[in-house]
Amino acid sequence: MTFSSSIDAEESYDTIQVSRIGGSLGAVISGVDPSDDLTDQQFSEIHEALLRHEVIFFRNVAMSAEAQLELAARWGQPSIYPVQALMGATEPQLSVIRDDADSLPSADNWHTDVTWIEAPPKVALLQAMVVPPYGGDTLWCSITSAYDALSAPMRAMIDGLELHHSNYPQFCTAMAEKSGSWDLVPLLREAYPGVNHPLVRTHPETGRRALYLATNFHQCVVGLNEAESTALLDFLMRHITQPRFHCRWSWAEGDLAIWDERSTNHRGVSDHYPEVREVRRCTVDGDRPYFDPSVPYRPKAPMVPKAAY
Ligand SMILES: [Fe+2]
């Protein structure tokens, strides 16, 4: 397999402007309206910016639900969210995620989406529809930068390990609480019984290595005893909480974020509760995660700062 090396070259675009918002990840894109019918060159440059910056933002996009799904389709097959599939959906549709006094925020933990299926999504698109008067920001973490910041012996130790991912119990119970339907729990458990994924995943387009973690979805390290697994996961989760790997977005109505699910974790800060916050999300089907030790290791950039927990 060959990987794109263009993201290692100096950044240059003809149809868009790109402004970084963080040293590890995140950039604002301007000069193009993503709700328009994008030319191949515009899309190609947006995709390159996404691979390079891992999460990209467009401000104040007037985009219909249909246009959001059409934009998602430029990356591949828009996903049918597993919960919606269980409720009978046969076509991709947007998930409307509404937090209010009676529907508590449920995404305030570091994760990447839906890792409890065999082929989790590769890209997500989220638009802010109702913005609270304060709070409700979203954070992203570069799990490629976090991997690069580990020592060589630590990287060697964890390369090739697998994590078991499951929707039970945390996701199932959160969904039941949010929807009020506890009948969902056995349905979700039966339809999606869990899956093992590599702890270090090779990005299928860039070849970079990423710590493929997801709070509440990953349950244990395959092959380690409970004490070893807990200690390793505690360390790695503490490692990725370092703000130097993060960027933060304070939403305005109409903002659109697009992120690479394979190279990032994210979390929705729940400090707007009980104020209303409503976002509209869709994802694009991805491939089964893998680790390929034959792909030469290419860190994103030398990591100078030392860890400070
Ligand atoms: Fe999420």
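This report describes the overall build of the chain, two of its sheets, some helix packing and two buried residues.

## Basis and overall build

The model is predicted: local features need pLDDT of at least 70, side-chain atom pairs count only at pLDDT 80 or more, and totals for chains, interfaces and linings use all residues. Residue numbers start from 1 along each chain as its sequence is written.

The protein chain holds eight helices and 15 strands. Both kinds of element are DSSP runs numbered from the N terminus: helices are H or I with at least four residues, strands are E with at least two. The radius of gyration is 19 Å, close to the 19 Å that the globule rule gives for 309 residues, so the protein chain is as compact as a globular protein of that length. That radius is taken over C-alpha atoms, and the rule is 2.2 Å times the number of residues to the power 0.38. The C-alpha trace spans about 50 × 50 × 35 Å along its principal axes.

Of the 309 residues, 39% are buried. A residue is buried if 20 or more other C-beta atoms lie within 10 Å of its own, exposed if 12 or fewer, and partly exposed in between, with C-beta atoms placed from the backbone. Take the contacts between residues at least 6 apart in sequence: 85% of them join residues at least 24 apart. Two residues are in contact if their C-beta atoms, placed from the backbone, lie within 7 Å.

## The sheet around β7

Strands of a sheet pair through backbone hydrogen bonds, either parallel or antiparallel. Here, three strands form an open sheet in the order β8-β7-β11, with antiparallel pairing. Two strands pair if DSSP finds at least two bridges between them. β8 (195-198) and β11 (218-221) are the edges; each has a single partner strand, so one side of each is left without a neighbour in the sheet. From one strand to the next, the twist averages 35 degrees. Such angles run from 0 to 180 degrees between N-to-C directions, and axes are lines fitted to C-alpha atoms, for helices over the stretch in contact.

Strand β7 (residues 162-165) is joined to β8 by four bridges. Three bridges pair β7 with β11. Specific partners are tabulated below.

| Residue in β7 | Opposite residue | Strand of the opposite residue |
|---|---|---|
| L163 | H197 | β8 |
| H164 | N196 | β8 |
| H164 | C220 | β11 |

Which side chains of β7 are buried? L163 and H165 are, and they point to one face. E162 and H164 point to the other face and are not buried.

## The sheet around β6

Another open sheet of three strands runs in the order β12-β6-β14, again with antiparallel pairing. Its edge strands are β12 (246-249) and β14 (264-268), each pairing on one side only. Neighbouring strands are turned by 20 degrees against each other on average, direction ignored. Five bridges link strand β6 (residues 138-142) to β14. In that pairing, S142 stands opposite T264.

## Helix packing

Helix α2 (residues 65-73) has Q68, L71 and A72 buried. These three cover an arc of only 100 degrees around the axis, which puts them on the same side of α2. The arc is that of the directions from the helix axis to the C-beta atoms. An α-helix has 3.6 residues a turn, so residues three or four places apart point the same way. The buried residues of α2 pack against β5 (123-130) and β15 (277-284).

Helices α6 (residues 170-179) and α7 (residues 184-191) pack at an angle of about 145 degrees, with axes 9 Å apart. From α6, the contact uses C172, T173, M175, A176 and S179. From α7, it uses L184, V185, L188 and R189.

## Two buried residues

I29 sits in strand β2 (residues 27-30). It counts as buried, with 22 C-beta neighbours inside 10 Å. Leaving aside neighbours within four places in sequence, I29 contacts I16, V18, I46, A49, I56, F57 and F58. I29 and Q93 are 64 residues apart in sequence and 25 Å apart in space, C-alpha to C-alpha.

R209 belongs to strand β10 (residues 209-211). Is R209 buried or exposed? R209 is buried, with 28 other C-beta atoms within 10 Å. Not counting residues up to four places away in sequence, R209 touches T144, Y147, V200, T202 and Y297. K300 is 91 residues from R209 along the chain, yet their C-alpha atoms are separated by 9.5 Å.
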